[in-house]
Amino acid sequence: MTIISMSDRVLIFIVAYNAGNHIRSVLDRLPKEVFNNSSFHVLIIDDCSKDQTAQTASTHVSHYKYDNVTVLRNTINMGYGGNQKVGYRYAVENGFGLVILLHGDGQYAPELVLEFVKRWEEEKADVVLGSRMIEKSRARAGGMPFYKWIGNQVLTTFQNYTVGSALSEFHTGYRAYDTGFLKKIPFELNTNDFHFDTEILLQAFALEAKVAEFSIPTHYGDEICHVNGMQYAWDVVKACLEYKFQKIGFFCSMQYRGLLKHQESQSGSAQYHVIERIRPGSKVLNLGRNSEFLNQQLSALSCKVTTRTVDLEAGKPEEDVSAYDYVLSLDRIERYSDTENFLVNCRYSMGSLHQPTFVLSAGNVAFLGLRILLAFGTFNYGERGILKVNHNRLFTLSSVRRMLHETGYESGEVRGIGVPFNLVFPGKLGRLLARISDGLARFYPSMFAYQFLIECKPKPHSFMLISNAQKFYDSKPAISSIQPQI
């Protein structure tokens, strides 16, 4: 008998809907060692079936005197995805280490549940998939209809390309999840429909969870399929595109918020283009988050970099900005509640006539892509990009220039930056799209720039000019030093 530690206990979760004719066979085909074994528990959830699924299962379990089986029946039909949510919540709340999803209609081989346990233990996988398409010919031999066989491969190919994965099959219903992984994702926010299986895999990819696959046999018998194929395909395509666009920054679904590990800024980003503008050996003040990429690139130019985090309420910099050659504020001015106050305070912190070059970056809310979305009534905040959820301000090129003029800065060169497609689409396509987008952004930044980079210089202010003025004659008593206030 297999003995597993209490923390590694395995839940075999059987989803069932109108499965009264098959549920006894599914239970009988499970390996005998999972019953009356404290290392395993079998959970059957009848999703408010119209037949006697729950009663049939209960009678069968009672007859064989299994002491580690629970049979539940939802009082309302939750749908395929909704039923899974109940089972996964049960697994998490009851301290199981692994939950294996098995269908109650007998389409997947119950005999293989221990293979999931083996793969989970040996490969330390967060997700284990039983794939019918590793050996595609076996799927047809097992009775998979030709249109489903083709559709499965077409959808999986599209999903792999869109998501950047390499699964043999996205659409298997035979799978297992480590409950540590389930605790990290908001699976409760996923759909209640059949594409729940796709959405939870997208959450796994967002987390960069480890996914393992192994080959399983295919069986199509007299079970009734409740899936609307065309609707399912559309739901899957839509879910994958939304996930992809969230990585770009056009959407911010709570299903993936906080899960995606965005790449450090590289080629195609504001930080990359800043490096091209910094003179070697310069003194640089970075008024923003500490960036390993930026620090490495500036160090290679023999620059001395000082990083200071400024209060998001637009606090005053801690030091004299005129002591630096460059002052950087990258992807920050959208986050201040009073950006104008921040710019004025930066200018007032100048203690000498030396004018540092300020380099600011901002997302372009008038970007063509957003204009098109707005024309269709869509204004989606994202987890990154122009409409990042924690941005307090939105800018166009015109509004940034006007703000700089009003706060006492001389505007300089504007560099339009295109969409960093190369960070989203791997390979030649991404690089080509990025080059095209960047070329258009340079040509017409107010329309085609995803971001713009603006160089400007703060004008000398009266407080500093008084302090630095040459005194030729003064018959009056000295005036106490004046501190700039706004």
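Two strands count as paired if DSSP finds at least two bridges between them, and that criterion is the one to keep in mind for the first stop on this tour of a predicted model.

**First stop: the sheet of six strands**

Select residues 326-329, which form strand 10, together with residues 357-363, which form strand 11: these two strands run parallel and are joined by 4 bridges. To see one of the pairings at the level of residues, pick Y326, whose bridge partner in strand 11 is T357. Now widen the selection to the sheet to which these strands belong, an open sheet of 6 strands with mixed pairing, in the order 9-8-10-11-13-12. At its edges you will find strand 9 (304-308) and strand 12 (409-417), each of which pairs on one side only, and from one strand to the next the twist averages 20°.

Next, add helix 11 (residues 292-300), which packs on this sheet and touches strand 8 (283-287), strand 9 and strand 10, with its direction at about 155° to that of strand 9. Then add helix 12 (residues 339-348), which also packs on the sheet, where it touches strand 8, strand 10, strand 11, strand 12 and strand 13 (451-458), and whose direction makes about 125° with that of strand 12.

Stay for a moment with strand 8 and strand 9, which run parallel and are joined by 5 bridges; K283 has K304 of strand 9 as its bridge partner. If you follow the chain through strand 8, helix 11 and strand 9, you trace a right-handed β-α-β unit.

**Second stop: helix 12 and its cysteine**

Return to helix 12 and colour it by accessibility: 9 of its 10 residues are buried, so this helix is largely enclosed by the rest of the structure. The buried residues are T339, N341, F342, L343, V344, N345, C346, R347 and Y348. Among them, C346 deserves a selection of its own, since its relative accessible area is 0%. A search for disulfides across the whole structure finds 0, and for C346 the nearest cysteine sulfur, which belongs to C456, lies 9.6 Å away.

**Third stop: the sheet of seven strands**

Move on to the other open sheet, which has 7 strands in the order 3-2-1-4-6-5-7 and, again, mixed pairing. Its edge strands are strand 3 (69-73) and strand 7 (211-215), each pairing on one side only, and neighbouring strands are turned against each other by 20° on average, direction ignored.

Within this sheet, select strand 1 (residues 10-16) and strand 2 (residues 40-46), which pair in the parallel sense over 7 bridges; here L11 stands opposite H41 of strand 2. Helix 4 (residues 113-123) packs on the sheet, touching strand 1, strand 2, strand 4 (98-103), strand 5 (127-131), strand 6 (175-178) and strand 7, and its direction makes about 150° with that of strand 4. Helix 8 packs on the sheet as well, in contact with strand 4, strand 5, strand 6 and strand 7, and its direction is at about 40° to that of strand 6.

On the way to the edge, select strand 2 with strand 3, a parallel pair held over 5 bridges, in which I45 stands opposite L72 of strand 3. Adding helix 2 (residues 53-64) to these two strands completes another view, for strand 2, helix 2 and strand 3 make a right-handed β-α-β unit.

**Fourth stop: the nonpolar cores**

Show side chains and select F13, Y88, F181 and L182, the residues with the most contacts inside the largest nonpolar core, which has 40 residues. Helix 8 (residues 196-206) gives the most to this core, with 7 residues. Apart from it lies another core, of 31 residues, which includes I12, I14, I44 and V113.

Centre the view on F13 and display its surroundings: beyond residues up to four places away in sequence, F13 touches L43, I45, N83, Q84, G87, Y88, V99, I100, L101 and L102.

**Last stop: T162**

Finish in helix 6 (residues 146-163), where T162 is found. Is T162 buried or exposed? With a relative accessible area of 6%, T162 is buried, because buried means under 20%. Leaving aside neighbours within four places in sequence, the residues to display around T162 are C240, L241 and K244, with which T162 is in contact.

Conventions. Residues are numbered from 1 along each chain as its sequence is written. This is a predicted model: local features need pLDDT of at least 70, side-chain atom pairs count only at pLDDT 80 or more; totals for chains, interfaces and linings use all residues. Side-chain values use heavy atoms; hydrogens and water are left out. A nonpolar core is a set of buried Ala, Val, Leu, Ile, Met, Phe, Trp, Tyr and Cys residues joined through side-chain atoms within 4.5 Å. Buried means under 20% relative accessible area, exposed over 50%, partly exposed in between (1.4 Å probe, protein chains only). Contact means heavy atoms within 4.5 Å. Axes are lines fitted to C-alpha atoms, for helices over the stretch in contact, and angles run from 0 to 180 degrees between N-to-C directions. A crossover is right-handed if, with the strands pointing away from the viewer, the path from the first strand over the helix to the second runs clockwise. A disulfide is a pair of cysteine sulfur atoms within 2.5 Å.
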